[in-house]
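Please look through the sequence and the three-dimensional model shown here before reading on. The paragraphs that follow lead from one helix contact to the whole protein and then to some of its strands and helices.

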Amino acid sequence: MANSVKASIAGLAIVDQARQRRGWTKTSTARWWQDSHTSRATLRRFWQGDRIQQEIFIALCQTVGIEHWEKIAAADDFTPPTTTAQLDTAQLDWDEAPDVECFFGRSQELQQLEQWLVSDRRPVVAIDGMAGIGKTALALSLTERLQAEFEGFVWRSLHPTTDLLSLLNSLLGLFDQSAAEMRSGTAELIRQLNQRRRLLVLDGLEAAQVQEPNLTAAFLKQLSRGVHQSRILITSNLANPIDEATISRLSLKGLQQADALELLRSQGFTGKEPGLAALIRLYHGNPLALRLVSPLIQSVFGGSVTDLLNQNTLVVGDRLHALLQRQICLLSVLEREILYWLAIWQEPISFCRLQTHLLIPVSPTALLESITLLERRSLLEKWVGAEQPSFTLQPLVMKVVTDELLEHVGREIAQVALSHDIQQFVLLRTHRLLRPGTDDIAGDRILNQLRERLWQIHGAALPQILEQILLLLQNRPPLAIGYIGCNLASLAIL
């Protein structure tokens, strides 16, 4: 190729260090190829040691901060171990891999995942955690790190409508079209995975776990126990105990402070602004939350972190709010019930205290399992003191769950006011909105916010509406009423 150039092995190492300083991935940071006026495919060819146009080669180097591109270029030709031309579609399928803005830290997590997949030869490895915590970005960084360990990579991003049969057919169609037509299922997939040493990434497996929990559990069990030389990496915000004996699981937490500071520097901060450490603690190092709040601080508060913190409020961007809301919707009824109670209390509560306030008693085992799963998904925080451990919500989760609670209860009241059917009450029946054992302002917080919403909707007619609904409760059995009466009475006297 005329006027073309390729990178040397030493040059690629220099570029690798430069992109790590920026928190960029090798091929999934859209800004890199967009600012270089090229494509993702060309960036991949650059990393594979293929020749590309010289002006694009220079632009890729300059965009990542390398001015002397000659130090990156190969002095003479070399034959890379594997090139795109040598890879057939069954070896390399990244079309569904998303673009990520930046990636920082996670060195311990990467080492642990690499050990499980490469050294320990674990067939299935899972990354779980709350929305926005960086599961997909970690999986992308890991696959880039393991390029020399596998013959091929396949990435599948699962969506809410993805079913297991479609996923299987897609994979079998990639590996062997005739096998896809046979629809021979997981056994045929395992046979194909044994043909070559591949890394298969299933990103967002919660979609299948919710739609077809039993089928998904059986699918993963077969993959983890089947005889093949490939490895499967899954990400999910549902940490269901699927075949724990054969699936290694990493529960992802927030970034460490040093890594979170690097992320904030990439968003325009110097790293020396007062309040940055408090901001990181407030958002528990959630990388998406920190990226979303940064432009707000820059534009509304002139870059002053302390001015935002002084507002005593938590800003959750629409994107993260939607992700967390979707994650909450995927939870079981009991898990959501626990979240609503914790949002009402606004303080750590013990297992026994939670248990005594449930309207419909559940077995201690079921309650403990639900609390354990919520904690593993990074939705809960555990507080260990002199007494028994207590639990509360992470601030981001507290904000989203509180908003959802208020919206649901407000809708229930509006529906019952129209239908005169108290069976429309669900949350207002099962949850006491006044924090038990308190009469302070904090304990009334949910009720006050709810009343303000109801006044905006119903205006001066609200007292009469509440009185009419209270009349509907007469002569009803206690279990049918639950907490409805005391909730409405509290609203009426506020």
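A polar contact is a pair of N or O atoms within 3.5 Å, where, within protein, one atom must be able to donate a hydrogen and the other to accept it, and where residues adjacent in sequence count only if both atoms are side-chain atoms. In this model, which is predicted, the side chains of Gln192 and Glu188 are joined by such a contact of 2.8 Å. Gln192 lies in helix H9, which covers residues 185-193, and Gln192 counts as buried because its relative accessible area is 5%, where buried means under 20%.

Turning to the protein as a whole, the model contains 25 helices and 11 strands, and 53% of its 494 residues count as buried. Among the contacts with a separation of 6 or more, 72% are made by residues 24 or more positions apart. The protein exposes about 22400 Å², and carbon and sulfur atoms supply 51% of that area.

A good place to begin with the strands is E6, residues 198-203, where 6 of the 6 residues are buried, so that the strand is largely enclosed by the rest of the structure. In a regular strand the side chains alternate between the two faces of the sheet. In E6, Arg198, Leu200 and Leu202 point one way while Leu199, Val201 and Asp203 point the other way, and all of them are buried.

What are the partners of this strand? Strand E5, residues 152-157, runs parallel to E6 and is joined to it by 6 bridges, with Arg156 standing opposite Leu202 of E6. Strand E7, residues 231-236, also pairs with E6 in the parallel sense, over 5 bridges, and Arg231 in E7 is the bridge partner of Leu199.

A further sheet shows the antiparallel arrangement: it is an open sheet of 3 strands in the order E9-E11-E10. Strand E9 (349-350) and strand E10 (380-383) stand at its edges, and because each has a single partner strand, one side of each is left without a neighbour in the sheet. E10 and strand E11, residues 390-393, pair over 4 bridges in the antiparallel sense, and Leu380 stands opposite Leu393 in E11.

Among the helices, H4 (residues 54-63) is mostly covered, with 7 of its 10 residues buried; these buried residues are Ile56, Phe57, Ile58, Ala59, Leu60, Cys61 and Thr63. They pack against strand E1 (4-5), helix H1 (9-22), helix H2 (30-35), helix H3 (40-47) and strand E2 (52-53). After H4 comes Gly65, whose phi is positive, near 100 degrees.

Helix H7, residues 164-175, allows a check of helix geometry: at 1.5 Å a residue its 12 residues should span 16 Å, and its end C-alpha atoms are 17 Å apart, which agrees. The buried residues of H7 include Leu164, Leu167, Leu168 and Asn169, along with Leu171, Leu172, Leu174 and Phe175.

Finally, consider the cysteines. A disulfide is a covalent bond between the sulfur atoms of two cysteines, and how many does this structure hold? The structure holds 0 disulfides. Cys352 is partly exposed, because its relative accessible area is 37%, and Cys486, at 30% relative accessibility, also counts as partly exposed, a class that lies between the limits of under 20% for buried and over 50% for exposed.

Definitions and conventions. Residues are numbered from 1 along each chain as its sequence is written. This is a predicted model: local features need pLDDT of at least 70, side-chain atom pairs count only at pLDDT 80 or more; totals for chains, interfaces and linings use all residues. Side-chain values use heavy atoms; hydrogens and water are left out. A disulfide is a pair of cysteine sulfur atoms within 2.5 Å. Buried means under 20% relative accessible area, exposed over 50%, partly exposed in between (1.4 Å probe, protein chains only). Helices (H or I, at least four residues) and strands (E, at least two) are DSSP runs, numbered from the N terminus. The expected span of a helix is 1.5 Å times one less than its number of residues. Two strands pair if DSSP finds at least two bridges between them. Contact means heavy atoms within 4.5 Å. Accessible areas come from the Shrake-Rupley method with a 1.4 Å probe; for residues, only the protein chains shown count as cover.
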